[in-house]
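Q: I'd like to take a close look at one single part of this protein. Can you walk me through it in plain words?

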Amino acid sequence: MITIAIVNGPNLNLLGTREPEIYGNQTFEAYFEELKTMFPQVQLQYYQSNVEGELINFLHNCMGKVNGIVLNAGAYTHTSIALADAIAAIIIPTIEVHISNVMAREDFRKTSYIAAKCVGSISGLGMMGYKLAVEYFLSQKSKVKN
């Protein structure tokens, strides 16, 4: 069984009520329960923080414990070199996910400091991006360290 950590950054604790025209009406906690049902063969963990240092500490603590990380760093995507450095340092395959299509939004959202440190990026597909990231890790199971 592979273990995947899903990590959400700032303001994603407000999913379901935050700008529903962009992010939808579903809470992440409800969606996470759906993911666990969709992927009973995967041990899924979930962590969310609005604090950059807490996100970095969590990523560091994933070393030796998870096979992959699905990271929606929220606005830290566009500002945090420290998160990019953490992803590079832990050497755990990480997929960048964004619920909205960041390339169709404000110009500052078109820069991702973490993308170059990730194995891939998924943007604009709503919550389905998380599911697609988990499916990717499952497709790579033979290449992922257990």
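What covers the buried residues of α2?

A: Keep in mind as we go that this is a predicted model. The cover over the buried residues of α2 includes two strands, β1 (2–8) and β2 (42–48), along with the helix α5 (128–139).

Now for what is being covered. Helix α2 spans residues 28–38, and its buried residues are Phe28, Tyr31, Phe32 and Leu35. Look down the axis of α2 and these buried residues fall within an arc of 105°, so they line one face of the helix. The spacing helps here: an α-helix has 3.6 residues a turn, so residues three or four places apart point the same way.

Next, zoom out a little. The largest nonpolar core has 23 residues, and Phe28 is among those with the most contacts inside it, as are Ile4, Ile6, Leu44, Val70 and Tyr130. The elements that give two or more residues to this core are α2, β1, β2, α5 and also β4 (94–98). There's a second, separate core too, with 20 residues, including Val7, Ala84, Ala86 and Cys118.

Leu44 is a nice one to click on. Setting aside its neighbours within four places in sequence, Leu44 is in contact with Phe32, Leu35 and Lys36, and also with Ile4, Ile6 and Val134.

To place all this in the whole protein: there are 5 helices and 5 strands, and 47% of the 146 residues count as buried. Among contacts between residues at least 6 apart in sequence, 77% join residues at least 24 apart.

Key
Residues are numbered from 1 along each chain as its sequence is written. This is a predicted model: local features need pLDDT of at least 70, side-chain atom pairs count only at pLDDT 80 or more; totals for chains, interfaces and linings use all residues. Side-chain values use heavy atoms; hydrogens and water are left out. Buried means under 20% relative accessible area, exposed over 50%, partly exposed in between (1.4 Å probe, protein chains only). Helices (H or I, at least four residues) and strands (E, at least two) are DSSP runs, numbered from the N terminus. The arc is that of the directions from the helix axis to the C-beta atoms. Contact means heavy atoms within 4.5 Å. A nonpolar core is a set of buried Ala, Val, Leu, Ile, Met, Phe, Trp, Tyr and Cys residues joined through side-chain atoms within 4.5 Å.
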